[in-house]
Amino acid sequence: MSNSLKPWIILCALTLSHLTFAEKADQDKPIILEAEKVSVNDVQQSYDLNGQVLLIKGSIIVTGEDGHIQVDPEGYEFVDVKGSPDTAATFRQRREGPADEYMHGRGTQVSYNAKTEVLTITGDASLKRSLNMQMLDQLQGWKIEYDDITERYRVTPPANTKPEDLPLARAILSPRRKATLEK
C-alpha cells in the first residue's frame, strides 16, 4: 500500500461513529473549580485559573496548569486548559449509556465547547474510549477533535508538516457489534 494513502485511510477510519453520546445530565450540573489562583469576572462571565487546575462539571473532569472558562449569554461554557512542561492537560467524561463507558483525553492543551460539544486536544494528543476499564478506541496525533453531536473523530497534523513526515496519526478502533432485533 502506498505511503500517501495511509493518512487518508486513517482519517476515513476516524470518521466512524459511536453508539453513545456524552452524558446529557452534565449540562445541568454546576462547575466546581479548584486552582492555586482563581480570578472571576462576573460581568464578563469569565474565569481564569492558575496552578494545579481541577474543573469538575458532572462527570466531566479537566485538569491542567492554567485555564480559562468563558460562559456565553446562553449559559454554555467554553473551557480551555493548558498543561505544564512536566504534565499534560487532561479530560475525562462519562458517556451516556453503559455505566462505565468513558472518554479520556490528554495533550498540551484541552479545549471543550459545551454548546457545540466539541472536544479539541492539541500537542502530543491522545484520546481513548473505554468500557469497564477496557480500551475500545485509541487515537494519537498532533491535534484531535471529537464532535459528540456528529460522533466523529478527526486527527490532523501540524500546519507545517511535510509529506515525508506522514503519517502522523494513529488509531486503534474496536469493531462495533450490532444489536440483533427480535421479531
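1. A good place to begin is Glu151, which sits in the loop that lies between strand E10 (134-147) and strand E11 (152-156). In this predicted model, the phi angle of Glu151 is near 60 degrees, which is a positive value in a residue other than glycine. Although Glu151 belongs to a loop, its relative accessibility is 9%, and because buried means under 20% relative accessible area, Glu151 counts as buried.

2. A second glutamate can be read in the same careful way, namely Glu117, which is found in the loop between E8 and E9. The phi angle of Glu117 is near 55 degrees, again a positive value in a residue that is not glycine. Glu117 has a relative accessibility of 9%, and it therefore counts as buried.

3. Stepping back to the whole protein chain, the secondary structure comes to one helix and twelve strands, and when the elements are followed from the N terminus, the helix is at the start and the strands come after it. Of the 183 residues in the protein chain, 36% are buried. The accessible surface of the chain comes to about 11,100 Å², and carbon and sulfur atoms account for 53% of that surface. If one takes the contacts between residues at least 6 apart in sequence, 47% of them join residues that are at least 24 apart.

4. How are strand E4 (residues 60-71) and strand E5 (residues 77-82) joined, and in which sense do they run? Six bridges join E4 to E5, and the two strands run antiparallel; within this pairing, His68 has Asp80 in E5 as its bridge partner. E4 and E5 form a hairpin with five residues between them, and in the turn Gly75 has a positive phi of about 95 degrees.

5. The pairing can be followed onward from E5, since E5 also pairs with strand E8 (residues 109-113), in the antiparallel sense and over five bridges. Here Asp80 stands opposite Ser111 in E8, and Asp80 is also the residue in E5 that is the bridge partner of His68.

6. E4 has a further partner in E6, to which it is joined by three bridges, with the two strands running antiparallel; in this pair, Val62 stands opposite Phe91 in E6. E6 in turn pairs with strand E7 (residues 101-107) in the antiparallel sense over six bridges, and the bridge partner of Arg94 in E7 is Tyr102.

7. Why can strand E6 (residues 89-94) be described as largely enclosed by the rest of the structure? The reason is that five of the six residues of E6 are buried, so the strand is largely enclosed. A student looking at the model may also keep in mind that, in a regular strand, the side chains alternate between the two faces of the sheet.

8. The last point concerns Arg129, whose place is in strand E9 (residues 118-131). Is Arg129 buried or exposed? Its relative accessible area is 7%, and so Arg129 is buried. The side chain of Arg129 is joined to the side chain of Glu101 by a polar contact of 2.6 Å, which gives the reader a specific pair of residues to look for in the model.

Conventions: Residues numbered from 1 in each chain as written. Predicted model: local features only at pLDDT ≥ 70, side-chain atom pairs only at ≥ 80, totals over all residues. Heavy atoms only, no water. Helix = DSSP H or I, 4+ residues; strand = E, 2+ residues; numbered from the N terminus. Buried < 20%, exposed > 50% of the residue type's maximum accessible area, 1.4 Å probe, protein only. Polar contact = N/O pair within 3.5 Å; in protein donor to acceptor, adjacent residues only side chain to side chain. Contact = heavy atoms within 4.5 Å. Areas by Shrake-Rupley, 256 points an atom, 1.4 Å probe, with all protein chains shown as cover. Pairing = 2+ DSSP bridges.
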